[in-house]
Amino acid sequence: MSSETVRAAIVTGAARGIGAATAKRLAVEGFAVAVLDLDESSCEAVVSEITAAGGSALGVGADVSDEQSVQSAVEHVADALGTPLVLVNNAGVIRDNMMYKMSSSDWDTVMNVHLRGSFLMSRAVQKYMTEAKWGRIINLSSTSALGNRGQANYAAAKAGLQGFTKTLAIELGRFGITANAIAPGFIETEMTQATAERIGVPFEEFRDAVVENIAVGRSGKPEDIANSVAFLAGDGAGFISGQTLYVSGGPAA
Ligand code: NAD
């Protein structure tokens, strides 16, 4: 890799929540950041914040579960921003329901965004990483991978991502690429707000009940996850691969 190569990071689902915090943090770490989400215009606020702080960022509209959309998005990042050397597979959706009531379409949607999306994105960026002999792939799993009532689809996808991560670590390690998963616990975002709404409890009440069982006695913030991503994306983490880091304020299980 020449010293002039612009090191780009792609963060999927980066218009808000954990992805937005991660995009901003990776910009502080010196990466040019592709802020990727379903709708390019939804990325504007994060892109402006990064550029106003002196960083480099590009908003990209793409659906991670769509092969053609992913291919064009990654090529666009490589042409317009820099070589994609960090990929954070963060885009996510929930379609919670008890398994006996879960529709096949809610099963498929969750599998497609989390698993197919992470596969398509990783396959598209590995070419740049293997050429550069350096890369970092970080997949967002969840404590739900250990099992969670009402989340058969999501738990399966998040557990699947851990197996996917380990395999990428084995296949890509010799090219200087590490692959790790981060499994957050309860993080305050629109996703957890939606869960509170679904079960019909005010968000504060829902959060406070969850916090009762969190060892450090507080809920997680998107920045807690962004900090872990920054660590795993750094040069210093080059001997950590195939791991799942639970970031949940206590023992995961
Ligand atoms: P969020 O709902 O606030 O944000 C998710 C983002 O992903 C949204 O901006 C959405 O538009 C985008 N997205 C959804 N489908 C997409 C697609 N097909 N293509 C591109 N973008 C898409 O969620 P969050 O809480 O910030 O969660 C981020 C990640 O962390 C998710 O993978 C989630 O499963 C995981 N996670 C969250 C928590 C939590 O407590 N919030 C806990 C564990 C894991």
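**Helix α1, the ligand shell and the surroundings of α5**

T22 is placed in helix α1. In this predicted model, T22 has a relative accessible area of 1% and is therefore classed as buried, the cut-off being under 20%. Apart from neighbours within four places in sequence, T22 is in contact with V11, V88, A226 and V229. These partners can be assigned to elements that cover the helix: β1 (7–12), β4 (83–89) and α8 (222–233) are among those packed over the buried residues of α1, as are β2 (32–37), α2 (44–52) and β5. The buried set of α1 itself consists of I18, G19, A20, A21, T22, A23, L26 and A27. In an α-helix there are 3.6 residues a turn, so residues three or four places apart point the same way. The end C-alpha atoms of α1 are 17 Å apart, which agrees with the 16 Å that its 12 residues should span at 1.5 Å a residue. After α1 comes G30, with a positive phi near 100 degrees.

Helix α1 (17–28) also contributes to the surroundings of the ligand, and α4 (104–132), α5 (152–172) and α6 (190–199) do so as well, each of the four supplying at least two residues of the shell. The largest share, 3 residues, is that of α6. The ligand is surrounded by 28 residues, of which R16, D37, N90, Y154 and T189 come nearest. Sorted by class, the shell comprises 13 nonpolar, 10 polar and 5 charged residues.

Several N and O atoms of the protein lie at short listed distances from the ligand. A polar backbone atom of I18 is 2.8 Å from an oxygen atom of the ligand; I18 is one of the buried residues of α1. A nitrogen atom of the ligand is 2.8 Å from an N or O atom in the side chain of D63. The side chain of K158 places an N or O atom 3.0 Å from a ligand oxygen atom. Of the 830 Å² that the ligand exposes when taken alone, the protein buries 93%.

K158 belongs to the buried residues of α5, which are N153, Y154, A155, A157, K158, L161, Q162, F164, T165, L168, A169 and L172. Y154, in this buried set, is also listed with the residues that come nearest to the ligand. Helix α5 has 21 residues, and the distance from its first C-alpha to its last is 30 Å, close to the 30 Å expected at 1.5 Å a residue. Its buried residues pack against α4, β5 (135–140), β6 (177–184), α6 and β7 (244–247).

The loop between β5 and α5 holds S141. With a relative accessible area of 2%, S141 is buried. The side chain of S141 reaches the backbone oxygen of K158 at 2.9 Å, while the side chain of K158 is the one that approaches the ligand. Beyond its neighbours within four places in sequence, S141 is in contact with K158, Q162, A181, I182, A183 and P184.

Two of these partners, Q162 and A183, recur in the surroundings of Y246. Y246 is located in strand β7 and is partly exposed, with a relative accessible area of 26%. A polar contact of 3.1 Å joins the side chain of Y246 to the side chain of Q162. Although Y246 and A183 are 63 residues apart in sequence, their C-alpha atoms are 4.6 Å apart in space. In addition to Q162 and A183, residues up to four places away in sequence being left out, Y246 touches S142, T143, L146 and A252.

Two loop positions, by contrast, are exposed. K133, in the loop between α4 and β5, has a relative accessible area of 54%. Its phi is positive, at about 55 degrees, although K133 is not a glycine. Most residues other than glycine have a negative phi. G200 is found in the loop between α6 and α7 (203–211) and is exposed, with a relative accessible area of 62%. From G200 to R136 the separation is 64 residues in sequence and 39 Å in space, C-alpha to C-alpha.

Conventions: Residues are numbered from 1 along each chain as its sequence is written. This is a predicted model: local features need pLDDT of at least 70, side-chain atom pairs count only at pLDDT 80 or more; totals for chains, interfaces and linings use all residues. Side-chain values use heavy atoms; hydrogens and water are left out. A residue is near a molecule or strand if one of its heavy atoms lies within 4 Å of it. A polar contact is a pair of N or O atoms within 3.5 Å; within protein, one must be able to donate a hydrogen and the other to accept it, and residues adjacent in sequence count only if both atoms are side-chain atoms. Accessible areas come from the Shrake-Rupley method with a 1.4 Å probe; for residues, only the protein chains shown count as cover. Ala, Val, Leu, Ile, Met, Phe, Trp, Tyr, Cys and Pro count as nonpolar, Asp, Glu, Lys and Arg as charged, and the others, Gly among them, as polar. The expected span of a helix is 1.5 Å times one less than its number of residues. Buried means under 20% relative accessible area, exposed over 50%, partly exposed in between (1.4 Å probe, protein chains only). Contact means heavy atoms within 4.5 Å.
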